[in-house]
Amino acid sequence: MVKTINRNFGLDFIRAIAISLVIFSHITLLLFPDNDLSSFIVAIRTLGAIGVDLFFVLSGYLIGGIILRQLNEGKTRFKDLLKFWKRRWFRTLPNYFLVLILNIALILILNKELISDIGYYFVFLQNFNSIHPDFFTEAWSLSIEEYAYLLLPFIIYLGIYLIKPKKVMHFFFISTLVLILFLFFFKLNYYFNTYIESYKHWSGSFRKVVLYRMDSIYLGFLIIYLVKQFPVLIHRLRHKLFIFGCIIFLTIHLVIYYNNILPQLQSGFYVFLYLPLVILSMGFMFPFFTALKTSNFITRIIRYISTRSYAIYLVNYSIVLLNIEHYLAGKEITEFGKYFSVVCFIVLTLILSELIYAFFEKPILKYRDLKYK
C-alpha cells in the first residue's frame with residue numbers, strides 16, 4: 001500500500017477543509033437558484049472559490065518544500081529536476097486524464113457536441129491566457145498548477161547550473177520573488193486592457209487564468225522558505241500568526257461586503273490585492289496547522305477525506321453534479337427532491353472518488369514510490 005506514515009495531520013486537515021469548502025459551495029447550486037441568493041449563500045460560494053485558493057497555497061507550500069529539500073541535499077542537477085517532475089506527473093496526470101476522458105465519453109453518450117478546442121486540455125492550454133471553456137471546468141486549477149510546477153523549478157535549476165550560487169536557499173527565494181514580480185506585469189496588462197463586466201467575468205478572465213494565478217502557488221514557495229529559514233521563530237509565533245491571518249482574511253471580506261466592492265467598479269482591488277491577500281492570510285495560518293496533534297479517530301477521518309480530495313475535486317462537479325442537473329432539467333422539483341439530489345450528489349461523489357482512489361490512483365502512487373524513491 002502507499003505509505004501514509006510521516007503524513008502531517010495539519011496539512012491533511014487543510015486539504016480536507018479545502019475540498020469541503022468546494023463541496024459545500026456546489027451543494028448550494030442544487031438547493032438555491034442563482035436569481036434568489038441570500039448573502040449567506042453568496043458567502044458559501046465565495047468560500048468554495050477560496051477552497052481552491054487554499055489548494056494553491058498548500059501546493060506551493062508542499063512543492064516548494066520538496067524543492068528546498070532537494071537543494072539542501074545537493075540534488076541540483078537536471079536529472080534531479082526531472083525526477084521531481086516525474087513524481088509530480090505520476091501524482092497529478094493519471095487522475096486528470098482519466099476524468100478528462102470520462103467527461104468526453106459522457107458528452108458523446110449524451111449526444112452533445114464537443115468543444116472545438118478539446119485538444120488544449122491534453123496540454124493544459126485551455127486557459128493559459130484566456131477564459132476557460134465551459135467544459136470540465138474543474139480543469140482550470142490543474143492547468144495553473146502544472147505550469148507552476150514547470151516554470152519556477154526550471155528557472156531555479158537553470159539558474160543554479162549557470163550562476164552556481166553559493167547559497168542555493170537564498171537563490172530559491174530570490175528566484176521566486178523575481179518571478180512573482182515578473183508575472184505582475186501580466187496583471188498590469190490585464191488591468192489596463194480589460195473591461196470587467198461582473199464578478200463572474202473577472203473570475204473567468206482573471207481568477208481562472210494561468211498567467212495571472214501562478215503567483216498564488218509561488219507565494220506558497222515563499223512561505224515554506226520562511227518556515228525553513230526561521231523554524232524556531234515561526235513555531236514560537238504560530239498562534240499569533242494564525243490570529244493575524246484570520247484577522248486579515250475576515251477584514252478583507254468584511255470590507256468588501258460593507259463597502260459593496262465589486263470587480264466592475266473597483267477592478268484594481270480585485271486584480272492586484274484581493275487574491276494575494278487571501279493567499280497570504282491563509283499562509284500565515286499554516287505554521288499553526290502543521291503543529292496540530294489529534295486523536296487517532298479524528299486523524300483517520302481527516303486522512304480519509306484528504307487522501308481522496310484530488311479524486312473528489314475532479315469528479316464532483318462535471319461528472320456528478322452537472323449530470324444530476326441534466327437529469328432534473330425541466331422537471332418540477334419539490335423541497336424533498338432538492339435535498340434528495342444533494343444526498344445523491346454526496347453519495348455518488350464519494351463512491352466515484354473511492355473507486356478512483358482505490359483502484360487507479362493508489363496503485364499508480366505505489367508504482368511511483370517504488371520507481372522513483
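Rings of Phe, Tyr and Trp (for Trp, the six-membered ring) pair if their centres lie within 6.5 Å. Keep that rule at hand for the exercises below, and bear in mind that this is a predicted model.

**Exercise 1. Aromatic pairs and a cluster**

Task: Find how many aromatic pairs the whole structure holds, and list the residues that ring pairs link into a cluster.

Solution: Begin with the full search, which finds 41 aromatic pairs. Then follow the ring pairs from residue to residue: Tyr-190, Tyr-199, Trp-202, Phe-206, Tyr-212, Phe-269, Tyr-270 and Tyr-274 are linked into a cluster.

**Exercise 2. Two pairs side by side**

Task: Classify the pair of Tyr-96 and Phe-136 from its ring geometry, then do likewise for Phe-336 and Phe-340.

Solution: A pair of aromatic rings is described by the distance of the centres and the angle of the planes. Planes under 30 degrees apart count as stacked.

Step one: the centres of the Tyr-96 and Phe-136 rings are 5.6 Å apart and their planes lie at 25°, so this pair is stacked. The pair joins distant parts of the chain, with Tyr-96 in helix H3 and Phe-136, 40 residues away, in the loop between H3 and helix H4. Tyr-96 has a relative accessible area of 1% and is buried; Phe-136, at 2%, is buried too.

Step two: Phe-336 and Phe-340 are also a stacked pair, at 6.2 Å centre to centre with 15° between the planes. These two are four residues apart in helix H12, so about one helical turn separates them. Phe-336 is exposed at 65% relative accessibility, while Phe-340 is partly exposed at 48%.

**Exercise 3. Helices H3 and H11**

Task: Work out how the axes of H3 and H11 are oriented and which residues meet.

Solution: Start with the axes of H3 (residues 78-109) and H11 (residues 296-328), which come within 10 Å and cross at roughly 10°. That angle makes H3 roughly parallel to H11. Next, look at the contact: from H3 come Arg-91, Thr-92, Asn-95, Tyr-96, Val-99, Leu-102, Asn-103 and Leu-106, and from H11 come Tyr-310, Ala-311, Leu-314, Val-315, Ser-318, Ile-319 and Asn-323. Sorted by character, the residues of this contact are nine nonpolar, five polar and one charged. Tyr-96 may look familiar: its ring is stacked with that of Phe-136.

**Exercise 4. Charges over rings**

Task: Which rings have Arg-88 and Lys-331 over them?

Solution: For Arg-88, the charged end sits over the ring of Tyr-149, 5.8 Å from the ring centre. For Lys-331, the partner is Tyr-327, with Lys-331 over its face at 4.4 Å from the ring centre.

**Exercise 5. Helix H6 and its surroundings**

Task: Is helix H6 mostly covered or mostly open, and which helices do its buried residues pack against?

Solution: H6 spans residues 199-207 and is mostly covered, with seven of its nine residues buried. Those seven are His-201, Trp-202, Ser-203, Gly-204, Ser-205, Phe-206 and Arg-207. Their packing partners are helices H2, H4, H5, H7 and H10. Trp-202 and Phe-206 also belong to the ring cluster of the opening exercise.

**Exercise 6. Contacts of Leu-151**

Task: Place Leu-151 in the fold and name the residues it touches beyond four places in sequence.

Solution: Leu-151 lies in helix H4 and is partly exposed, at 31% relative accessible area. Leu-151 touches Leu-179, Met-214 and Tyr-218. Met-214 is 63 residues from Leu-151 in sequence, with 9.3 Å between their C-alpha atoms.

Notes. Residues are numbered from 1 along each chain as its sequence is written. This is a predicted model: local features need pLDDT of at least 70, side-chain atom pairs count only at pLDDT 80 or more; totals for chains, interfaces and linings use all residues. Side-chain values use heavy atoms; hydrogens and water are left out. Axes are lines fitted to C-alpha atoms, for helices over the stretch in contact, and angles run from 0 to 180 degrees between N-to-C directions. Angles under 35 degrees count as roughly parallel, over 145 as roughly antiparallel, 65 to 115 as roughly perpendicular and the rest as oblique. Contact means heavy atoms within 4.5 Å. Ala, Val, Leu, Ile, Met, Phe, Trp, Tyr, Cys and Pro count as nonpolar, Asp, Glu, Lys and Arg as charged, and the others, Gly among them, as polar. Rings of Phe, Tyr and Trp (its six-membered ring) pair if their centres lie within 6.5 Å; planes under 30 degrees apart count as stacked, over 60 as edge-to-face and the rest as tilted. Buried means under 20% relative accessible area, exposed over 50%, partly exposed in between (1.4 Å probe, protein chains only). A charge sits over a ring if NZ of Lys or CZ of Arg is within 6 Å of the ring centre and within 35 degrees of the ring normal.
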